[in-house]
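User: I am new to reading protein models, and I would like a close look at one part of this one. Could you take me slowly through the salt bridges and then through the strands and the enclosed space around them?

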Amino acid sequence: MASVSDNVMKFFRSSSNQTADTAALPKLTRRSSGMGEILRLLNSQEGLCVLDMGATSANNIRFFTGKGHKNYSEDLLRSSLDPALRIKDSSGNAVLDSKKFLDENLVYENAQFDIVLCWNLPDYMEESLVKPTIDRLWSVMKPGGFLLAFFHTREAGPDSTCYRFHVTDSDKLEMQEVKFAAPGRHIENLFRDFASIKFFLARDEIREVLVVR
């Protein structure tokens, strides 16, 4: 199992070029009802275990550890673009090897995490990896744990921007643009194994999904 420090170092090594590309980009803000509920949990309990699955944010690492929580970080979207994952199926078509992907990523103990910040990962990850990834997250979350994910609505269009999210001590998130392909739509049936699901529809054509394991 990877330690907090191992994951942080892997995270920074794999995304150093991305950090350089986006460091100068301006930060935007958006209000997040789902993050507001997550913050209430973070502020009411101690020693929670958080998995941050977005692009590198040193701010998030400082934020969670500063509150006494354990923080693990994986840039899973960038990992999913590894050319080594490309294989050919029996018909000779190029496909992604989901088994190899999960053998190399999200390798944690069962029921380890209280909170998973999925951000907009399912909306930008290639479709064949999305359901296996959500299933793995279900396994590594504690019963009663929270997962927050963002999905673009259909009105957002094909040029929707992918962002890196920075947590603040309020329900306002800071965002910086990250260059990735246009989003897909993967929300149906993804969370059917979870205990409950809540939707928040925001004005910026984002549907927030807060699910409980």
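Analyst: A salt bridge, as the term is used here, is a side-chain nitrogen of Lys or Arg that lies within 4 Å of a carboxyl oxygen of Asp or Glu. Please keep in mind from the start that this is a predicted model, and that a search of the whole structure turns up ten salt bridges.

Let us begin with the pair formed by Arg 30 and Glu 208, whose side chains meet in a salt bridge at 2.9 Å, taken from N to O. These two residues belong to distant parts of the chain, since Arg 30 sits in strand β1 (residues 28-31) and Glu 208 in strand β11 (residues 206-212), 178 residues apart. Are the two partners buried or exposed? Arg 30 has a relative accessibility of 6%, and because buried means under 20%, Arg 30 counts as buried. Glu 208, with a relative accessibility of 1%, counts as buried as well.

A second salt bridge is formed by Lys 198 and Glu 37, and here the closest N and O atoms are 3.0 Å apart. This pair, too, links distant parts of the chain, with Lys 198 in strand β10 (residues 196-201) and Glu 37 in helix α3 (residues 33-44), 161 residues apart. Lys 198 is partly exposed at 38% relative accessibility, and Glu 37 is also partly exposed, its relative accessible area being 21%.

In a third salt bridge, Lys 142 is joined to Asp 114, with 3.3 Å between the closest N and O atoms. The residues are 28 apart along the chain, Lys 142 lying in strand β7 (residues 141-152) and Asp 114 in strand β6, and this pair again counts as linking distant parts. The two partners fall into separate classes, for Lys 142 is partly exposed with a relative accessible area of 30%, whereas Asp 114 is buried with 13%.

From the salt bridges we can turn to how some of the strands are paired. Strand β1, which holds Arg 30, pairs with strand β9 (residues 172-178) in the antiparallel sense over four bridges, and Thr 29 has Glu 174 in β9 as a bridge partner. Strand β9 also runs antiparallel to β8, to which five bridges join it, and in that pairing Cys 162 has Val 178 in β9 as a bridge partner. The connection between β8 and β9 is a hairpin that passes through five residues.

Strand β8 leads us to the enclosed space. How many cavities of 30 Å³ or more does a search of the whole structure find? The search finds one, and the volume of this largest cavity is about 120 Å³. It is lined by 15 residues, of which Gly 54, Ala 55, Leu 77, Asn 120 and Tyr 163 are the closest to its centre. The elements that give two or more residues to this lining are β6 (113-119) and β8 (162-166), and the largest share, four residues, comes from β8. Sorted by class, the lining has eleven nonpolar, two polar and two charged residues.

One last contact deserves a look. Ser 57 is found in the loop between β2 (49-52) and α4 (58-66), and at 4% relative accessibility Ser 57 counts as buried. The side chain of Ser 57 makes a polar contact, at 2.7 Å, with the side chain of His 166.

Note on methods: Residues numbered from 1 in each chain as written. Predicted model: local features only at pLDDT ≥ 70, side-chain atom pairs only at ≥ 80, totals over all residues. Heavy atoms only, no water. Buried < 20%, exposed > 50% of the residue type's maximum accessible area, 1.4 Å probe, protein only. Polar contact = N/O pair within 3.5 Å; in protein donor to acceptor, adjacent residues only side chain to side chain. 1 Å grid on protein atoms, 1.4 Å probe; cavity = no way out; pocket = protein on both sides within 12 Å on 5 of 7 lines; lining within 4 Å. Points joined across faces, edges and corners; volume = space filled by probe spheres on them. Nonpolar A, V, L, I, M, F, W, Y, C, P; charged D, E, K, R; others polar. Pairing = 2+ DSSP bridges.
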